[in-house]
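Let's work through a few exercises together, with the model open beside you. Try each task before you read its solution.

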Amino acid sequence: MSFIVNYIGILVALLGLPIILIAILGRKKISRRWLISLIVTGVLLIIIGIYSQTRHFSSGEMDNIHTYVSLSYLEQSDTDAAVFHLRKVEKESWGYLSTYAILEKERNSNVDARLRYDSAKGLATSDEQKRATEFVNYVSPDNSEATNLAINSVRNAMEISEREIREAERLYSSETGYEYYDEGDGSASSIEERLKQTINLALRGGSYYNAVSSAAELANTNPSDENMLLLAETVAESVYAGEYLNDSYFNPANFSYTSDYAYSDSEMNNDMADYDNNTGDLWGLGSEDEENFNEESDFNMWNSQGENPDYSETEYDDPERASLQKQIQEYDSEITTIDSQLNYTENESKKKELTEERAEKNTEREALQNSSNYLYAERALNSIANQHSMRAEVVRARLRYSMKQYEEAINTLMDADKSIWAKLNPDPQIEAGIESLRSTYESDGMTSLESPSFKDKLMDLLSQGTPDMIGIATSPMSKDFSQYIVYGQKKYGDKLYVSNLNLEGFPNISVTLGGNEETIAALKEDSELVVKDTHKPVEYSIRDLNNDESSEKFSICAVVDESGSMGGSPSEDLKEALHGFVDALNPDVEIGIIGFENMYREISPLKASRSVTLSNISEIHASGGTNITAGIEGAMTQLETAFGRKTIYLMTDGQSDINMDVVNEAATRGIIINTIGFGDVNDELLREIAEATGGQYIHADSSDELIHIYLSLVGSIGTEIVVSYRVEDADLKEGRYFFIRSPKAKASIHCDYSLEEETTSIPVSLNSVYPAFISQESLESYREDNRQFDIVLEGTGLDQIKEVTIGGQKAVINTEQETDGSKLLLQINPTLNAGNQTIVLTDNKGDSKTFEDFLYVGAELERRYVFQIGELYLEPQHTIVMGNRIILQETEIGDEDPDNRSNNKTLSARSEGLILMDADSETISEIGRNELAEEDRYKPVHIRLNNGSSLQGTGLIHLNSNDYGMTSSDSRSDIIASGSYTIEYDQKQGKIRQK
């Protein structure tokens, strides 16, 4: 495509020349009007062609820059930031596709990675690009060395200029906060850009005070629609992060900057002075615009006190919030009084009355607390109320999400393109994102909702409301909002819930669906019901689980983790999840709540009314340890007096041992334990607890997902059906899903599932051996001490090796080592003969690979040597001569004499393995001479070898830190060759080629 665009521009420009020439030559035969028209047409074609070419090359430069920056982020394992830049690339190139393949491999998206890899392989032109593409193929999330090798190989093989590299490095530095990308010229537009950059860096670093205050300054300086949206966005980010906003964030007199994200105070002061002298007041709009920027303006609504108040250090410096807090304190006092009355009241009727009153007061108090917490988010909504663009709708959706108005947030986002204003002012990028969202939910899921590519589209859509900032596009709120949409739609649907998907009899599958009575009844009667598995309709049967046993009364105990690690957002999300769960339960279901940390406590009794239970949920707190045994014991105690079907829902986010006798006791009593694991938990333990009692285990990827999990559990209490079917395409392993849609019930659900699949074995290769040379003296010492000799192999696929022989001797593999397949620790008897030791690796399938010249045994020369080949110098730590072969170990490679170095070295590398060269008898004799004067004993012997030849090498070669090609402070990340390679050299240059 790039090729076509390039030549179209050239052709258009060239077409203009003959038109002008025809006009000039035929000027006597055509009218003046035609003459002028032809000349103008020709000139326009030339201008258009030149512009097209200029834009084409400019676009290509920016593509290179964004690809290079993406590689820098991948080096730091920041895949979200890498995606942000890769999505800006307009034309697919070898570098872009190779970088995307690395990204997809890092995200375990192997299908997408293979597609990118195959495309990159087809575009590779040079040997360097082809070799780098192969390195990409071996990238694995568990092998950082292989990933870094691939990243550096792609970076070095990209067709990118030095100027583009400098631009990319400046852009990367500006986004990561090390330096400013463009300090500007002090003009108003330059200061605006610098403020936006401050906002971007502050959001990336979680410095919400800097973000909001800088956005407020920007809006105060220039209250454009875009700047007002950006201010509202920073408020949304801050509120979502739990930042306690007050008027000082929006009052120019209180703005302050830190050097963490902005330039120095002196630079800021100079800029402020320059701007004030040239255009007016930095904090306002300038004198001529001041009368148009009054207290009724959008910005001034933030400061509820009007003129700049004399701020004190009190917590509530905002009158409206102060009023809310005063009311909250009054409710706290009333609730305390009720608690006191409950303690001294023995009359059951009075207790019930007081308990209901307390629940009502607590509900009203929570509403006031939410009003206080989200005061500035509501003001942000008001500040952009007069904006009707699609971008404003996206920001409104994010503001509602920050206030935990989840349904309103999704509806606002999904309806962003439906208003008359959206029709009059279309935004193709937002429209495309929303259409992708709708088509995915309304279809049978042709696109997997859990695929990284779909999540990338969501993240892109959610960041469209404000300027293109990595701080917004990759923020925690963007990620959580995206996950909320995925979890809310994919796993559990709106009216249907998949409580179990049984694959034990695959290709026969049974799916247990739950939901409210009306939905399930309509689904069973629907003659147009659609059931699919992975794009294909299937023959199905439906079995109703409603029987006499299931009509028994349900008694549930929710056991929740109150350990310290649940503090903050997880605890708040848990409360919201439980609130939705309890509120959705059938009124006939009894529900109690037990909390546990080091011990258990009863949060809400089993027999409490629904309103009291909902109120008691707010009493959940986070502190202490994690004692799961205590939690289950508390639940069993609470369920002792219950009747009917008894179920425990156990949620924990931590690691804990457990007394399985308690679990077995629960199973004996017929109590089912369903377990929910969140975060870094012992999945196997929680699965074991659930299976021992006939329950199920669910893992939550985030605290936000807890809300959807608890809602899905409602479907397992009450009306359930089982849909059974058989799949025909059983060989397909990836991208599988179950889909059902009922037009009559107006409900559908899509649920991905995966099959156990043999992992594709990584080809066995050997990159290096340590040590690469063993002296005969060392082996003799080991024999005398009756010890075995340790050898380490490094490469790929080494976890597949079951047998290793070295020099014909079978080595012992250390099976206790933890390895990702990149290393193998061996032990051998110290009985190796002198010379090259052939290494044979045999894998689990019985296939063998032989490697030569990675390990030598012999006697090293005492002298220090420096070998010169043309302009190439080789300085080994150890030199071995065997016949007519010279073997160099741990060799420094450079283009300067090591005894006469300058500061202009352009090549400095190190071989960690062996370099082998064949030499003539004269050279061997020269090396063997030892007649040196005593004063020259420690000086290196210089040996000049013939030019125009090549050397063989094994092991690793990496650049040293003083080499101009060095890209990292970690020398091992700049490996330029591994395994077997050649060093080709002549009088002027040397080249290292990977075999």
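## Exercise 1: a strand and its neighbours

Strand β6 (residues 554–561) and strand β9 (residues 645–652) pair in the parallel sense over seven bridges. The model is a predicted one, in which local features need pLDDT of at least 70 and side-chain atom pairs count only at pLDDT 80 or more, while totals for chains, interfaces and linings use all residues. Residues are numbered from 1 along each chain as its sequence is written, and side-chain values use heavy atoms, with hydrogens and water left out.

**Task.** Find which other strand pairs with β6, and explain why β6 counts as largely enclosed.

**Solution.**

Step 1. Get the terms straight: strands (E, at least two residues) and helices (H or I, at least four residues) are DSSP runs numbered from the N terminus, and two strands pair if DSSP finds at least two bridges between them.

Step 2. Look at the partners. Strand β7 (residues 590–596) also pairs with β6 in the parallel sense, over seven bridges. Ala 558 has Ile 593 as its bridge partner in β7, and Val 559 stands opposite Leu 650 in β9.

Step 3. Check burial, where buried means under 20% relative accessible area, exposed over 50%, and partly exposed in between (1.4 Å probe, protein chains only). In a regular strand the side chains alternate between the two faces of the sheet. On one side of β6, Phe 554, Ile 556, Ala 558 and Val 560 are buried; on the other, Ser 555, Cys 557, Val 559 and Asp 561 are buried as well.

Step 4. Conclude: eight of the eight residues of β6 are buried, so the strand is largely enclosed by the rest of the structure.

## Exercise 2: two surface patches

**Task.** Which residues form a negative surface patch, and which make a nonpolar one?

**Solution.**

Step 1. Apply the rule: patch residues have over 30% relative accessible area and no salt bridge, with like charges joined within 9 Å and nonpolar side chains (Val, Leu, Ile, Met, Phe, Trp, Tyr) within 5 Å. A salt bridge puts a side-chain nitrogen of Lys or Arg within 4 Å of a carboxyl oxygen of Asp or Glu.

Step 2. Pick out the charged group: Glu 353, Glu 357, Glu 360 and Glu 364 form the negative patch. One of them, Glu 360, lies in helix α14 (residues 348–373) and is partly exposed at 49% relative accessible area.

Step 3. Turn to the nonpolar group. Ile 36, Ile 39, Val 40, Val 43, Leu 44, Ile 47 and Ile 48 make a patch of about 570 Å². Ile 47 belongs to helix α2 (residues 32–75) and counts as partly exposed, at 48% relative accessibility.

## Exercise 3: unusual backbone angles

**Task.** Is Thr 534 buried or exposed, and where does Asn 786 lie?

**Solution.**

Step 1. Recall the background: most residues other than glycine have a negative phi, and most peptide bonds are trans.

Step 2. Thr 534 has a positive phi, near 50 degrees. This residue sits in the loop between β3 (530–533) and β4 (536–537) and is buried, at 2% relative accessibility.

Step 3. Asn 786 has a positive phi near 55 degrees. Its place is the loop between α30 (776–784) and β17 (789–796), where Asn 786 is exposed at 73%.

Step 4. Finish with a cis peptide bond: one joins Phe 506 and Pro 507, with omega about 20 degrees. Pro 507 is in the loop between β1 (496–502) and β2 (508–515).

Definitions and conventions. Accessible areas come from the Shrake-Rupley method with a 1.4 Å probe; for residues, only the protein chains shown count as cover. Lys and Arg count as positive and Asp and Glu as negative; His and the chain ends are not counted. The place of a charge is taken as NZ of Lys, CZ of Arg, CG of Asp or CD of Glu.
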